[in-house]
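Subject: Handing over the structure, with notes on what was found

Dear colleague,

I am passing on the structure that we talked about, and you will find the sequence and the model just below. Please have both open while you read, since the notes that follow go through the model one part at a time.

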Amino acid sequence: MTLHLQTMSKCIEAAQGGSFLEELNTKWSDHNKALQMIRDILMYMDRTFIPNTQRTSVHELGLNIWRDNVIHSSKIRSRLLNTLLELILRERTGEVINRGLMRNIIKMLMDLGPSVYQEDFEKPFLEVSADFYRAESQEFIECSDCGDYLKKAERRLNEEIERVSHYLDAKSEAQITNVVEKEMIANHMLRLVHMENSGLVKMLCDDKFEDLGRMYSLFRRVANGLPTIRDVMTSHIRDTGKQLVTDPEKSKNPVDFVDLLLEKRDKYDKIISMAFGNDKTFQNALSSSFEYFINLNPRSPEYISLFVDDKLRKGLKGVKEEDIELILDKVMMLFRYLQEKDVFEKYYKQHLAKRLLSGKTVSDDAERSLIVKLKTECGYQFTSKLEGMFTDMKTSQDTMQGFYTACGSELGNSPTLVVQVLTTGSWPTQSSITCNLPAEMLALCEKFRSYYLGTHTGRRLSWQTNMGTADLRATFGNGQKYELNVSTYQMCVLMLFNNADSLTYREIEQATEISSSDLKRCLQSLACVKGKNVLRKDPMSRDIGEDDVFSINDKFTSKLRKVKIGTVVAQKESEPEKQETRQRVEEDRKPQIEAAIVRIMKARRVLDHNNIIAEVTKQLQSRFLANPGEIKKRIESLIERDFLERDTLDRRLYRYLA
């Protein structure tokens, strides 16, 4: 048989060009048939004698003789390898080859044993492939932009996977794809993501979902691929976010400011869901980036509350319920990023109070829905006062019904009075408000006070004239009659002109006792707003001076019978107001920090300074980021009040005093 195969080997060697593989395939097929027949003839020996004497089986012996005399013959071995590699190269460069013949030859190498396939073909194939893709990737990257390069890399990867399925061993797939990944992706990762005018940042800016998806799927195949994309994306979001929140132009309008934040968030949410397979690590990176830059602007809590205020006043009219929920969910997402949630609560409380008292809320359901969301996020304590505000509004309706039932007959033609009785702790009320109400109103207010205190024991009432509104019927010099919707302060000013033709600023201030800043704003809105100027001011200017004289504007006309005169007020807080709010927030934080310290020390009994700071910060982070300096002051205060004491030996150690 060996002699026969040596003769066969010479015939194969003699084959020229393309017929070499065909001749080898034909002879291999003949050898297999002959081997089958020999095995059938020697079947009994193969089944009994060979297993008992532990010798090589007929079939295996036939394969070994073929391997040694044909495949490993000096003139066939290297020629076979070179022919196979050349055919694969030709296929890679776009030529069509005989895949059936390739499959038969590779199958022959696999049948001769794993070592033959690996040593005689697979190892050299992988080395040559690495050289090919190394050179090709270098050529591609010099002449392509990032998107085109990734398309070529993806095509090459798919070609190799297809090649394996057609004529290579399935186990080779992992190794050849590793070669392509290393040479075409891993070695050029940084250059690709940072490529000018076409890299990752450019793709993010231009919403290139397809290219981003391709980059994600290719980079996830290599070590550190996804962290590379994630780091560049995070850095880009942080840089652009920082520019947005620190740009004074973009911060001018709070609603536009928050809209820009939401647009940015929607943009990257879409990219992560459409291109990055909703990868959790990318979502976390996006959230941490937003948390970083939103808190760079100390006014973010105020602006988010103003955005909610705008939407719940007028922005949600005619919007479907599910769309309202969507907007509220987006607001909650931004709220989660805030480190100073208690500052948001402060502003939200102020804005909610104004909405409820002026009856300007678009939907009670939307208001309550947001409070439920805040409650879920931050717990009952966060929203208890907000819920108390709604309770007060409902109770006030019942109180007014009771008042008119009990005292209606005594009131005669008095003005109609609607009182909202607000619980001091729940509403952002001011302690001392001075304002002299007109005599007609004062008598009515006193009557209500008597009724209310008669039906409720142990309560005190103080009028919050800064929060009220009034409807006035006015007749002007030309006989025109209008109904004016004004604030309580504006009503007090206008009622003075029933008994006087003109009044100076000082006279108005003296008669009403309204604070200077509030009175100036009030007069500006009555005299300086075009179309709403029911008063005339002399001299006419935007600012109110102490010697200015005011009189009724007899020539006032309006297309509307009902005229609403708003108070001139900045949508954002002025700097002094901002400082005042900040001061109130800092004061409110002190008892919360102390309560956290006491809770921790009660449980731990003894704790060192650094651990107290860490634990207090952790406990309070759902509401605000506690300042270590403030925590230290609160510890000192608790030591003074005998809640804690310092250890006599170690001054950084604190003990809890029961």
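To begin with one pair of residues, K537 stands opposite F550, which belongs to strand β5. Please keep in mind throughout that this is a predicted model.

The pair just named belongs to a longer contact, for β4 and strand β5, which covers residues 549-552, pair in the antiparallel sense over four bridges. Another pair that you can look up is L535, whose bridge partner in β5 is I552. Strand β5 also pairs with β3, again in the antiparallel sense, and here there are three bridges. In that pairing S502 stands opposite S551 of β5. Taken together, these strands form an open sheet of three strands in the order β3-β5-β4, with antiparallel pairing. The strands at the edges are β3 (502-504) and β4 (535-538), and because each of them has a single partner strand, one side of each is left without a neighbour in the sheet. Neighbouring strands of this sheet are turned against each other by 25° on average, if direction is ignored. As general background, the strands of a sheet pair through backbone hydrogen bonds, and they may do so in either a parallel or an antiparallel way.

Further along the chain you will come to another open sheet of three strands, which has the order β7-β9-β8 and is paired in the antiparallel sense. Its edge strands are β7 (606-608) and β8 (644-646), each of which pairs on one side only. Ignoring direction, the neighbouring strands of this sheet are turned by 30° against each other on average. Strand β7 is joined by three bridges to strand β9, which is made up of residues 653-656, and the two run antiparallel. If you would like one contact to find on the screen, take V606, whose bridge partner in β9 is R655.

The next part is a hairpin, formed by β1 and β2, with five residues between the strands. Strand β1 and strand β2, the latter being residues 481-487, pair in the antiparallel sense over seven bridges, and T475 has K481 as its bridge partner in β2. Within this hairpin, G479 takes a positive phi near 80°. In a regular strand the side chains alternate between the two faces of the sheet. Which side chains of strand β1 (residues 469-475) are buried, and which are not? A470, L472 and A474 point to one face and are buried, whereas T469, D471, R473 and T475 point to the other face and are not buried.

Turning to the cysteines, a search of the whole structure finds zero disulfides. C143, for example, is in no disulfide, and the nearest cysteine sulfur, which is that of C146, lies 13 Å away. C143 is exposed, with a relative accessible area of 58%. C435 is in no disulfide either, although the nearest cysteine sulfur, that of C492, is 3.6 Å away; a disulfide would need the two sulfur atoms to be within 2.5 Å. At 15% relative accessibility, C435 counts as buried.

There is also some enclosed space to look at, for the structure holds one cavity of 30 Å³ or more. The largest cavity contains about 40 Å³ of space, and its lining is made of I71, R77, L80, L81, L84, L109, D120 and F121. These lining residues divide into six nonpolar, no polar and two charged. Helices α5 (74-92) and α7 (114-143) each supply at least two residues of the lining, and α5 gives the most, with four residues.

One last residue that you may like to find is Y337, which lies in helix α17 (residues 321-337). Y337 is buried, with a relative accessible area of 6%. Y337 and G94 are 243 residues apart along the chain, and their C-alpha atoms are separated by 54 Å.

With best wishes,
A colleague

Conventions. Residues numbered from 1 in each chain as written. Predicted model: local features only at pLDDT ≥ 70, side-chain atom pairs only at ≥ 80, totals over all residues. Heavy atoms only, no water. Buried < 20%, exposed > 50% of the residue type's maximum accessible area, 1.4 Å probe, protein only. 1 Å grid on protein atoms, 1.4 Å probe; cavity = no way out; pocket = protein on both sides within 12 Å on 5 of 7 lines; lining within 4 Å. Points joined across faces, edges and corners; volume = space filled by probe spheres on them. Nonpolar A, V, L, I, M, F, W, Y, C, P; charged D, E, K, R; others polar. Pairing = 2+ DSSP bridges. Axes fitted to C-alpha atoms, helices over the stretch in contact; angles between N-to-C directions.
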